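Here is a friendly walk through a structure for the bench. Take a look at the sequence and the model first, and then we can go through some of the details together.

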There are 2 protein chains.
Amino acid sequence: MTSQELTEQIFKKQTFLCVGLDTDIDKIPTYLLSEKDPVFSFNKAIIDATHQSCVAYKPNIAFYEALGASGWRSLKKTIEYLHTEYPELYTIADAKRGDIGNTSRMYAKAFFEDLGFDSITVAPYMGKDSVEPFLEFENKHTILLALTSNEGAYDFQTQKVDGEELYKKVIKTSLDWNNSENLMYVVGATKAEYLAEIRKIIPENFLLVPGVGAQGGSLEEVCKYGITSNVGLLVNSSRKIIYASDSSNFAEIAGAKAEAIQNQMKDELAKL
Amino acid sequence: MTSQELTEQIFKKQTFLCVGLDTDIDKIPTYLLSEKDPVFSFNKAIIDATHQSCVAYKPNIAFYEALGASGWRSLKKTIEYLHTEYPELYTIADAKRGDIGNTSRMYAKAFFEDLGFDSITVAPYMGKDSVEPFLEFENKHTILLALTSNEGAYDFQTQKVDGEELYKKVIKTSLDWNNSENLMYVVGATKAEYLAEIRKIIPENFLLVPGVGAQGGSLEEVCKYGITSNVGLLVNSSRKIIYASDSSNFAEIAGAKAEAIQNQMKDELAKL
């Protein structure tokens with residue numbers, strides 16, 4: 001999916017919500033554990049209940065990897081279900097990968113070709129040749145970690161390199177890489193005031209914003225500093241939606257949570 | 001395995017070689033493709049032929065992930081084979097993971113508990129709370145990316161932060177984290193002269209040194225600047241060993257390559 005198609009979906013559905021499928025086998029309703037593939041059953045129910053209120057889904061790969069081969073099967077079934085039932089939805093592999101060139105290429109193939117994700121999150125520490133193999137794929141996005149939503153972001157990301165913060169250096173440097181038009185960036189919602197600074201460097205690129213909800217960020221703040229005329233935002237919420245309830249109607253309650261966020265987003269879109 | 005036990009193994013076997021199991025289905029001898037699990041068959045043959053010349057194996061997870069669920073099965077069979085047949089060998093999951101705390105914990109469980117690796121490589125960009133969940137595991141090592149062997153290392157790692165290079169800042173900062181005694185560091189062999197600088201900060205910690213061989217680093221240089229009285233080095237070679245031949249005696253040739261490196265290492269150990 002191209003950025004333009006994503007923007008069109010956002011205006012059409014009046015939402016820029018991304019639902020994080022951080023599906024933890026220890027946190028899903030226990031009655032699902034008797035199903036053949038509890039993780040997929042949970043994801044399917046969440047997707048069916050929330051798809052009208054979001055434009056994207058973001059499985060965090062750690063939760064699937066923790067289950068080994070069976071986790072990979074659940075992940076594959078989930079992405080195939082999305083492709084078949086809701087092909088208009090954008091998909092993000094939250095993998096935070098990055099390795100030397102020939103190895104990054106293996107990761108890119110795994111997530112873009114075999115699993116067919118629209119995008120993947122990538123860590124910048126190893127630089128240009130660790131990221132470019134992801135950027136080579138047409139109509140796929142590479143979402144570079146810039147400023148993350150956790151406390152540890154202050155350890156290195158906000159440290160000054162040549163007089164400016166490392167996360168700014170990362171963003172600026174990445175603009176010179178081959179196929180940089182395929183870049184998006186992760187910017188945590190808990191640091192909304194930084195969005196204004198970031199928009200000076202990348203006025204148009206999409207930003208994936210985690211940390212609204214469970215991690216304490218505010219949607220209004222994020223939009224105030226980060227929204228563009230093409231929206232340019234995917235705001236993620238995971239735990240606040242998918243674990244809103246552990247009762248038998250968990251999906252319905254997740255759907256209501258997603259719809260509530262969609263309604264807030266409608267108000268923000270109306271301001272454009 | 002503790003660092004002390006690893007040192008004992010090194011002196012006993014007279015080698016600090018780590019063999020990288022970057023097993024690419026497109027590069028292994030084609031006659032193996034008719035086997036039930038070609039990746040495992042290849043790994044088993046390589047391990048049987050090289051185990052006397054090395055102290056560690058390092059599967060790069062990308063190569064397994066690229067094969068989806070079947071890749072995870074091959075990885076699991078490989079690590080189980082090592083645990084059963086050669087329990088004295090140290091194992092490294094070259095995964096370069098790192099995420100917010102609760103997610104890093106999932107990765108740690110996947111690699112330390114489910115797969116039973118002795119160690120995992122981790123990226124530092126997200127800081128303290130993305131790494132500490134790995135450090136909590138007793139008798140397990142977290143191998144932090146400091147200075148990698150690729151060109152892109154110059155994009156950020158060697159940039160100055162507060163007057164010193166980012167990779168030094170990463171190492172110094174990490175020493176204050178909980179359970180930092182469980183840290184090792186990745187330092188590329190293509191930058192051997194940096195090892196002297198690094199040894200001023202961490203005189204004792206083990207360093208995992210990739211880039212000897214295919215990537216052009218020299219073992220002699222690495223030892224000159226990096227070796228300690230407890231050795232403190234694991235020098236990795238992947239492609240130069242495992243793909244030394246694609247004929248039916250590929251394993252034997254790999255074994256000879258590993259033994260040749262072991263012989264060089266014996267000379268270096270004799271200097272201590």
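## Two salt bridges along helices of chain B

Let's begin with one acidic residue: B:Asp48 is partly exposed, with a relative accessible area of 30%. Keep in mind that this is a predicted model. The side chain of B:Asp48 forms a salt bridge with that of B:Lys44, with 3.3 Å from N to O. B:Lys44 is partly exposed as well, at 32% relative accessibility. Why are these two residues about one helical turn apart? Both sit in helix H2 (residues 38-50) of chain B, and they are separated by about one helical turn because they are four residues apart there. An α-helix has 3.6 residues a turn, so residues three or four places apart point the same way.

Helix H9 (residues 193-201) of chain B offers another example, since B:Lys200 and B:Glu197 are three residues apart in it and therefore separated by about one helical turn. Their side chains meet in a salt bridge, again with 3.3 Å from N to O. Here B:Lys200 counts as exposed, at 65% relative accessibility, while B:Glu197 is partly exposed at 29%.

## A salt bridge in chain A, and the overall count

Chain A has a salt bridge between the side chains of A:Lys271 and A:Glu268, with an N to O distance of 3.2 Å. Is each partner buried or exposed? A:Lys271 is exposed, with a relative accessible area of 56%, whereas A:Glu268 is buried, with 11%. Over all chains, the count comes to 30 salt bridges.

## The barrel of chain A

Now for the strands. In chain A, eight of them make a closed barrel with parallel pairing, in the order S1-S2-S3-S4-S5-S8-S9-S10. From one strand to the next, the twist averages 30°. One of the pairings joins strand S8 (residues 183-187) to strand S9 (residues 207-209) of chain A, in the parallel sense and over two bridges. If you want to find this pairing in the model, start at A:Tyr185, whose bridge partner in S9(A) is A:Leu207.

Helices pack on this sheet too. Helix H10 (residues 219-226) of chain A touches S9 and strand S10 (233-237) of chain A, and its direction makes about 160° with that of S10(A). Helix H4 (residues 68-85) of chain A lies across strands S1 (17-21), S2 (56-59) and S3 (90-97) of chain A, and runs at about 150° to S3(A).

## Around helices H5 and H6

A:Arg105 is found in helix H5 (residues 101-114) of chain A. This arginine is partly exposed, with a relative accessible area of 35%. Leaving aside residues up to four places away in sequence, A:Arg105 touches A:Pro133 and A:Glu136. The C-alpha atoms of A:Arg105 and A:Val131 are separated by 9.0 Å, although the two residues are 26 residues apart along the chain.

Over in chain B, helix H6 (residues 128-135) has six of its eight residues buried, so this helix is largely enclosed by the rest of the structure. Which residues of H6(B) are buried? They are B:Ser130, B:Val131, B:Glu132, B:Pro133, B:Phe134 and B:Leu135. The buried residues of H6(B) pack against several elements of chain B, including helix H5 (101-114), strand S3 (90-97) and strand S8 (183-187).

## How the two chains meet

Chain A can be laid on chain B by a turn of 180° and a shift of 0.0 Å along the axis, with an RMSD of 0.0 Å. That is the relation of a two-fold axis. Both copies use the same surface, as 100% of the contact residues of chain A recur in chain B.

How many residues does the contact take from each chain? It takes 57 from chain A and 57 from chain B. About 4600 Å² is buried between chain A and chain B, and carbon and sulfur atoms give 59% of that area. A:Met106, A:Tyr125 and A:Phe156 supply 20% of the area that chain A buries against chain B, more than any other three residues.

Charged pairs cross this interface as well: four salt bridges are found between chain A and chain B. The side chains of A:Asp99 and B:Lys96 meet in a salt bridge with an N to O distance of 2.9 Å. B:Asp99 is linked with A:Lys58, A:Asp94 and A:Lys96 in a network of salt bridges.

Technical notes. Residues numbered from 1 in each chain as written. Chains lettered and ligands numbered in written order. Predicted model: local features only at pLDDT ≥ 70, side-chain atom pairs only at ≥ 80, totals over all residues. Heavy atoms only, no water. Buried < 20%, exposed > 50% of the residue type's maximum accessible area, 1.4 Å probe, protein only. Contact = heavy atoms within 4.5 Å. Pairing = 2+ DSSP bridges. Axes fitted to C-alpha atoms, helices over the stretch in contact; angles between N-to-C directions. Least-squares fit on C-alpha atoms with pLDDT ≥ 70 in both. Buried area = accessible area lost by both parts, 1.4 Å probe.
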